[in-house]
Structure formats: C-alpha cells, structure tokens
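Hi,

Here is the structure I promised to pass on. Have a look at it first, and then read on for what turned up.

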Amino acid sequence: MIPSVLPTYSRAPLHFVAGTGTWLVEEDGRRFLDLGSGIAVNALGHAHPALVAALTEQAGKLWHVSNLYEISQQQALADKLVARTFADTVFFTNSGTEACELAVKMARKYWYEKGAPEKTDILTFAGSFHGRSSAGIAAAGTEKMVKGFGPLLPGFVHLPWGDHDALKAAVSDTTAAILIEPIQGEGGIRPLPDQCLRGLRALCDENGILLILDEVQCGMGRTGKLFAHEWAGITPDIMMVAKGIGGGFPLGAVLATEDAASGMTAGTHGSTYGGNPLGCAVGNTVMDHVSDPAFLAEVNRKAGLLRQKLEGLVAAHPDVFEGVRGTGLMLGLRMKVAPADFVAKGYESLVITVPAADNVVRLLPPLTITDDEISQALSRLDAAATAIETA
Ligand SMILES: Cc1ncc(COP(=O)(O)O)c(C=O)c1O
C-alpha cells in the first residue's frame, strides 16, 4: 500500500523534534551536531532568538495579505536587497524552484519586448540543479530528474562543465541567457573559478546576452560574502535566491537589474504567498544579520578554521577522503568511499552531513556555528571516518 506521504523521499531513520543553534534533538533525546542546516537553509541555526521574535511578533499582528495590497515587510526587504546588491528590483517567491521559473520567464520576456522573440534559449551546465518544476528539471537536464517527465520545456542547451570551447560554440542568435550556479551544490560543491565567472560575464557582454546566477544554495552569506559572485568582482543581470534568506521560513527571491526586469510589467507574473508579511518579517531579520560585515568576517574566520581542520581530517584518513573543496561554509569532502555510507556513519557519531553528486559529502553548517562546535564536528567526523576504516 502506498504510504500516506507520497514516497518520493528516501528518509534516514531520524525524527528531530527540536533544534537550538547548531544542534538538533532526536525524539529519543540524542543531540546531533547539524552540519547540514536543512541543506543550507538554517543560516542562523535553529530557533535563533531574533528569528523567533520576528516570526512570533508578526504572527500576532498579521500573517497574510494578498499582493493586491501594500506589504511593508516586503518593501523593506526589497529595499535592503537592492541597497546591498547589483539589483534594482526584487520579486519574492516561496522557494528556489519558483525563483528559477521567474528567472527563465524574465529572460525570455526581456528579449520578446526588445523585439528579438527568437532569443529563447538558455545555456545551462552538467551537474547543475535549479529545482524540480518543469522548467527546473528541463534546465538541469539530468537524466535522473527528467526521465519519464517529458515533454520537457524546450529551449535549454546543456553544456559540459568547464568546457570553454563548447560554451563559446553554443552561443547563437537564439541565446537569451546563461544560467549557472557560482558553486554547484547538489552537483557536489563544485566552485566555478573566479576567472571563469568573469569570463562568463565578458562572454555575455560581448554577445549581449543575460547572465542569470543561481545563488539559491551558495548565497546569503554562505561563502563569506553576502553573495558568492562578489568574490569574482562581477554582477549578474538576474539572480535566484532562496534557502538561507528565510532561515527556515519558505522564502525565495529573484533579483534583477532594471534593464533585465524591463519586460515584467503589471500582470505578467504573480504569487499568492510570495513575500507575505510572515515570510518577510523573518527575511528582514535574516538579512540584517547576514549582511552585517562583522557577521561575514566571522563566517570567513570560522570557514578558515573548519577548512584547516578538514585538511587534517583528510590527511589522517587517506582511504576515506580524497580532498576538501568549496568556499566559506559551503564545503565538500570528496570521498573514496560511498558518500551515503559516510553520512550513515556520521549519524552513529551524532553528526549530520548531506550527500551530493560527484562522490561528495556536503558540510553546510549554520553560519552561526561556534569554534567549539567546529572542534566537536571534527571529532565526530573523525569518529565516522574511523568507523568506516574499521568496518
Ligand atoms: C542551486 C539550487 N537552485 C534551486 C534549488 C531549488 O530550490 P527549492 O528546493 O527551494 O525549490 C535548489 C535546491 O536545492 C538549489 O540548490
């Protein structure tokens, strides 16, 4: 008999009932160190007092009003994002997938309104992940995600990762945009080197095409800058954001320049919940914390500490790990053993990690992780590695 919850997830036998900071409490009382943050969502950890206060205060006033009316919390968050980024305008969504939908629509509408309706193609890359909607799976193109779900949304050109010649050759008169994650998350913490991101920006400028960055996983302070592309010193035309921006409340956004957004006039897009008062009350509080330069400096310092300790871990277990990669607190351990086996051993050592493609185990701790918790994380990861070696 089919379970009452549609069985699309393969779940670990863990049931968390509470969380504080970097810790998750299982219903049997065990305390797990959370190096996954709900896959880069709980940027400020679990039950951060400022987020609890923002949510409960707003919940006592007003949960929801339609986007037919002014929403001051939404306006405030948009203003903050515009002030701190390349963007001139923001649309709020409930998830990264919906941000992908709008980014694709916005790029196509841009060219339609500019009198070039033939420009509908979006260039994307192997190993990418942009969500599970029809546009999201068509964009990524991974067989596992698209098989059986056709006909797929047309207009995506899939390119190998890191093949500059293939990319240049793929740009044509029908190209609307390039869509890429500055650091692939699901794809296995594969960072795009800064010079490649600069090269992509130059290619877009030379050919007059739009650059869409998917910062759903790598944005909101995760790499030690507010957004990952800042490391390369370039700006996109359109950017997708989600996960960390809500700190656990479902919230996403599309940020865009005035020019890139010029096709999106009244009535061309909308969302019932996107940017509602509850979500934006939380989002404003996350933004206030994460965009603080002192907070980001701490993320960088702690990232350095974690990285250094992970290099030691890799050196101590050469049969388990191949290396460490990533930026800031978005790190991947490339494995010589099956990632799922290591993640499972981690559960026995009371540490949460997240598997990814390309033989990688992801470490995406809350950005608020402490030095002491980093040390505890290492002892637990070390115990998991030892358990694999002695199995
Ligand atoms: C880079 C990236 N884009 C888009 C998405 C889809 O976001 P959501 O699951 O919030 O719809 C994800 C989710 O993992 C992601 O990592």
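Start with Val 216, which sits in the loop that links β10 (210-214) to β11 (238-241). This is a predicted model, by the way, so please read everything below in that light. Is Val 216 buried or exposed? Val 216 is buried, because 28 other C-beta atoms lie within 10 Å, and the cut-off for that label is 20 or more. Leaving out neighbours within four places in sequence, Val 216 is in contact with Gly 96, Ala 99, Met 240, Val 241, Ala 242 and Lys 243.

Gln 217 is in the loop between β10 and β11 as well. Gln 217 also counts as buried, with 29 C-beta neighbours inside 10 Å. Its contacts, again without neighbours within four places in sequence, are Ala 40, Glu 181, Gly 185 and Lys 243.

Lys 243 turned up in both of those contact lists, so to speak, and here is where to find Lys 243: in the loop between β11 and β12 (252-256). An unreviewed UniProt entry lists Lys 243 under "modified residue: N6-(pyridoxal phosphate)lysine". Lys 243 is buried too, with 28 other C-beta atoms within 10 Å. Beyond its neighbours within four places in sequence, Lys 243 is in contact with Ala 40, Val 41, Gly 96, Val 216 and Gln 217.

Now for the other annotation. Which residues does UniProt list for "binding site"? The unreviewed entry gives Gly 96, Thr 97, Phe 129, Asp 214, Glu 215, Val 216, Gln 217 and Thr 272. They do not all gather at one spot, because the farthest two C-alpha atoms are 24.9 Å apart, and the set spans 177 residues in sequence.

Next, the nonpolar core. The largest one has 114 residues, and the members that touch the most others are Ala 103, Ala 107, Leu 210 and Val 254. Helix α4 (residues 96-113) provides the largest share of this core, with nine residues. Both domain 1 (65-290) and domain 2 (293-326) put at least three residues into this core. As background, nonpolar side chains tend to be buried together in soluble globular proteins. Val 254 is a good place to look at the packing: leaving aside neighbours within four places in sequence, Val 254 is in contact with Phe 91, Thr 93, Ala 99, Leu 102, Ala 103, Met 106, Ile 238 and Met 240.

On to the strands. Strand β7 (residues 175-180) is mostly covered, with six of its six residues buried. Strand β5 (residues 121-125) runs parallel to β7, and three bridges join the two. Within that pairing, Leu 123 stands opposite Ile 178 in β7. β7 is also joined to β10 by four bridges, and these two run parallel. There, Ile 180 stands opposite Leu 213 in β10.

There is also an open sheet made of four strands, in the order β1-β2-β3-β15, with mixed pairing. Which strands are at its edges? They are β1 (16-20) and β15 (351-352), each of which pairs on one side only. β1 and strand β2 (residues 23-26) run antiparallel and are joined by four bridges. If you want a pair to click on, Gly 19 has Leu 24 in β2 as its bridge partner.

Finally, the overall picture. The protein chain has twelve helices and 17 strands. Its radius of gyration is 21 Å, close to the 21 Å that the globule rule gives for 391 residues, so the chain is as compact as a globular protein of that length. The C-alpha trace spans about 65 × 55 × 55 Å along its principal axes. Of the 391 residues, 50% count as buried. Among contacts between residues at least 6 apart in sequence, 75% join residues at least 24 apart.

The chain is divided into domain 1 (65-290) and domain 2 (293-326). Their centres, taken over C-alpha atoms, are separated by 28 Å. The contact between them takes nine residues from domain 1 and seven residues from domain 2.

Shout if anything is unclear.

Cheers

Key
Residues are numbered from 1 along each chain as its sequence is written. This is a predicted model: local features need pLDDT of at least 70, side-chain atom pairs count only at pLDDT 80 or more; totals for chains, interfaces and linings use all residues. UniProt positions are given in the numbering used here, feature names are shortened, and annotations may be inferred rather than shown by experiment. A residue is buried if 20 or more other C-beta atoms lie within 10 Å of its own, exposed if 12 or fewer, and partly exposed in between; C-beta atoms are placed from the backbone. Two residues are in contact if their C-beta atoms, placed from the backbone, lie within 7 Å. A nonpolar core is a set of buried Ala, Val, Leu, Ile, Met, Phe, Trp, Tyr and Cys residues joined through C-beta atoms within 7 Å. Domain bounds come from an automatic or database domain assignment. Two strands pair if DSSP finds at least two bridges between them. The radius of gyration is taken over C-alpha atoms; the globule rule is 2.2 Å times the number of residues to the power 0.38.
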